[in-house]
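Reader: I should like to learn how features of a protein model are read, beginning with the overall picture and ending with single residues.

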Amino acid sequence: MPAPATNTPRIWLGPITYTEDDAALFHGRNQVIDELFEIVRRDRFSLLFGESGHGKSSLLLAGLFPRMWAAGAFPIAARELFREDALDFTTVLLALIEEQAAKHHITAPALRDGDTLWEYFHRPGAEFWSGDHQRLTPVLVLDQFEDLFRRVGWSAAQRDTPAARFVEELSDLIENRIPVPVRAAIEAGEAVQFGFEPVPLRVLIALREDALSELPALQPWLPGVDANKMRLRPFNLEQARQIITEPLAQYSGLLGSDPDATVAAILNCMAAGRGGSAARDPEAPVDPFLLSVMLKDLHRRALEQTGGSLTPALANTNAEFILTEFYEEAMTRVPERLREYLESENRLVTPGGYPQSLPLDQVEQDFATNDSLSDIPVSPSLQALVDAHLLRPERRGDGSVRFELVHDRLCGVVAQRQARRADEEKRHRLEAEAAHERAHAEELAVALSRARKMALVALVVAVLALAAGALAWWQSRLAKRAQTRAFEARLEAEGLINFMIFELRDKLKPLGRLGLMSDVNRRVMAYHQRLSSETDPPEFQHRRIVNLAQLGDGLRARGDLAGASAFYTTCLAIARKLAAQDPANVQLQEDLAVTTVKFGNVLEENEDLSSALTAYRESQRIFKTLAAEDHANPNWQRHLLAVSGMISGVLEAQGDWRSASQTNQYGLDIARKLAAQDQTNLEWQHDLWLSLWRVGEGLLEETNSSGALQAFREGLNVAGKLVAQEPANAQWQEVLLHSFINVGNALDFQRDLPGALQAYTNGLDIARKLAAKDPTNAEWQRNFSVSLDSKGNVLLDQGDLPGALQAYRQSQSILKKLAAQDATNVRRQRDFAFSHERPASVFEKQKKWREAAEAYGEEVRLARPWIERLTNSVEWAEVYARGALGLHRAAKSLADNAMLSSARQDVGRARQILLRFREAGRLPPKPATLLKDLDTILQSTLPSSDKPGGSPARKP
């Protein structure tokens, strides 16, 4: 065993960016370096992409650059080129070239003011020479290229910005296109001193994978942006093994007396976070971030405990424990109050334990308005956590900055801290209550002793009883007055609360600023927790139901279904109790019905359709009773209309189209009567629009596209009138958006592609504005995604494959963020899973079968756990079946037998699921068509008893 080193050797550097000086320490990526080097060598323009944390920058600096130098190239690193304060990115890049040339003693072309990139590289003598007189080929490496879109806001529509001018110049350089000013000078007969042949040059851009959807917009300027690319994947086990073992060449005792056992222990520790072992899962990816953190921590422990040697016992630890230590060490760099703030729920981690980004302006506002935090410097403190590689900043195109954990695995650490803090707060509260009870007991003991003594003077007390009675009467009168004043004060306070929840909400909603209600909601909740009691009068109980339901509505609008469900459950318990105590009280019955509907909404969004239908029918029963007792009250009719729409939606999801159609028609009859009574009532007109939408969707499902188009166009007319009445009302803008999508769907069904594209484009303009107005509104973000997909579908049918792919990728990026915000939201997860199918369809048309297989495979992978969990969901079964069919097609085209065998298993499983729905009479037309396709694939592989076609489908 080696003796402890006096100076800690640099073996594994942890989660930092490796530089050229660290090339000897950069292991595990030799094959990747070779592949990337060949890509850059063979073509003038290339692309490297990968997920954040996979080590793109380290691969470039410590892996590719040394190979470039050895091959006679001059690699130029431009990692943070796109800064908000830069007025000319060309000037910044040329200055970097000059700076790095001087650092490496390279003779470079002289800089001239006003040079474009093309002019700089095409002047006579524009060559690069090393100190030993070798000519070098410049390789421009533009790392963090996503900053072009997210940090400085490049847009194809803006042509006179620093970002736009740089893209134009980069395009001229790569395509060897003479710039406009030079061309104008030539045409004017001026003498120009430039070479016009292509210069020996390479350009490589690197960006995060989640920014790929932005690249198609660059195609007009950089047509090869998607042609010569490489994706950086996580380590596989062999690469991880190399990273662990290659330092043995220099440190022979590093892995102890049994290196194989030590390596196996480390790899199994990595796999333990996935619920398996390296031996059982040899193809599993190894996360680069987690591996780097683990190896650096293990080496530190080895230096402290075993003189520097890693052993199986030392390595046989828990990855989460190492992450916890990494997290705790990083948090020592900031004040404890900032740590408490960041660890609070809905900051860096949701209550469900999932990551979310934290806006810098929100942190600054919270600290400025909180006396206990106002003395903490926000930006330097957050930067300390960035330097510790715990947080990463994300700069948006609008100039805002958001912070998020560098890796999702850290969410569990923060969630544990949140739970521990909650337990500590609960313990302190219980200790305080116990101390209060002890003090109360001591007071009683003292009072008892005092009472015994007072018994000696009982006779005197009796004499004074009459006077005491008079005093008691007077005190009682004062107490009643105080009680009355308290009651009035509470009424006044709750009136203010109602203003904040209802009127303030209604004023903010049309402006798209509901996010401002978050703090109001928290304070209202604290008020009810402090003052509300089961013994309150019914009027206070009613207000509590209404207030808490509104808080639930706000959380539901932001996509927090778990939080909304908690509020609705509390409301429902109160409402049931009050309604049972006073069945004749109309207000209490309405509270119960409305709360039941809200609870059903959450059940439906979580795909518990049978429970949602039960809730809706219970609410419908209450409203029908109320409507029968008061026929003239339009309020009950509107409630019946709303509930009928919800019931029809569930029936459609369950495949009961006939019942859904009848329910929709019932609702439309109510809506027409109300709208005819008062055409100035915008809410009633909106009800009519909503009913027309439902009827039209039902007709479209029944393939009656003419009837659907008629209903949708009538709805579009209603929507136009709503917007004309209140142009600034965001709700009516959303109604108009859906109307355009509905009309587009009907026209698309009729194959009127130009008409459909125009309708979708009209809707997309509205969706984009709403999404930008309130990024926290999950429904508006989803609407934006739907609009993009709709447009992409038409572009695909018209043969515009790049345009379709761009729309699909942008939509998928939105859905990915929504899914990451709440992993418990079933609809969001299904939307994201299905989003992989759309780009896959483009890849199929382009014959890019490997990319298609990856996309379909991801759709199948995401769907598998949900079809096990939600066995009654036709929607998830359809997503799974479509992915399996697509994966089978791609595998067959690739002639990949292993992939084909796996895909066939998914096809068989999907068929069994759809058969079960068909036998239950719950298989809609589209999945029924999928079943036929699945049957075709399996016809030659199933045993005779399981051959397709054995049991006829029952009509839903």
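The dialogue below takes up the chain, its strands, a cavity and three residues in turn.

Reader: What should be known about the model and its numbering beforehand?

Author: This is a predicted model, in which local features need pLDDT of at least 70 and side-chain atom pairs count only at pLDDT 80 or more, whereas totals for chains, interfaces and linings use all residues. Residues are numbered from 1 along each chain as its sequence is written, and side-chain values use heavy atoms, with hydrogens and water left out.

Reader: How many helices and strands does the protein chain have?

Author: Helices (H or I, at least four residues) and strands (E, at least two) are DSSP runs, numbered from the N terminus. In the protein chain there are 37 helices and nine strands.

Reader: What percentage of the residues in the protein chain is buried?

Author: Buried means under 20% relative accessible area, exposed over 50%, and partly exposed in between, with a 1.4 Å probe and protein chains only. Of the 956 residues in the protein chain, 48% are buried. Accessible areas come from the Shrake-Rupley method with a 1.4 Å probe, and for residues only the protein chains shown count as cover. The chain exposes about 46,100 Å², of which carbon and sulfur atoms supply 52%.

Reader: How is strand pairing read, and which strands pair with strand 5?

Author: Two strands pair if DSSP finds at least two bridges between them. Strand 5 pairs in the parallel sense with strand 1 (residues 45–50) over six bridges, and Leu-48 is opposite Ala-206 of strand 5. Strand 4 also pairs with strand 5 in the parallel sense, over four bridges; there, Leu-142 has Ile-205 as its bridge partner.

Reader: Why is strand 5 described as largely enclosed by the rest of the structure?

Author: Strand 5 (residues 202–208) is so described because six of its seven residues are buried.

Reader: How is empty space inside a model found, and which residues line the largest cavity?

Author: Rolling a probe the size of a water molecule over the atoms shows where empty space is left. On a 1 Å grid over the protein atoms alone, a cavity is a set of points where a 1.4 Å probe fits but cannot get out, and lining residues have an atom within 4 Å of a point. Grid points are joined across faces, edges and corners, and a volume is the space filled by probe spheres set on the points.

Author: Here there is one cavity of 30 Å³ or more, and the largest cavity holds about 70 Å³ of space. Its lining consists of Phe-121, Ala-126, Glu-127, Phe-128, Arg-135, Leu-136, Pro-138, Val-199 and Pro-200. Strand 4 (residues 135–142) gives the largest share of that lining, three residues.

Reader: Which contacts does Leu-94 make beyond its sequence neighbours?

Author: Contact means heavy atoms within 4.5 Å. Leu-94, in helix 3 (residues 89–103), is buried at a relative accessible area of 7%. Apart from neighbours within four places in sequence, Leu-94 contacts Leu-111, Asp-115, Leu-117 and Tyr-120. Leu-94 and Leu-117 are 23 residues apart in sequence, with 8.0 Å from C-alpha to C-alpha.

Reader: Are Ser-813 and Glu-404 buried or exposed?

Author: Ser-813, in helix 31 (residues 801–821), is buried with a relative accessible area of 19%. Not counting residues up to four places away in sequence, Ser-813 touches Asp-210 and Ser-213. Glu-404, in strand 9 (residues 401–405), counts as buried at 16% relative accessibility. Leaving aside neighbours within four places in sequence, the contacts of Glu-404 include Arg-208, Gln-356 and Arg-392.

Technical notes. On a 1 Å grid over the protein atoms alone, a cavity is a set of points where a 1.4 Å probe fits but cannot get out, and a pocket is an open set with protein on both sides within 12 Å along at least five of seven lines; lining residues have an atom within 4 Å of a point.
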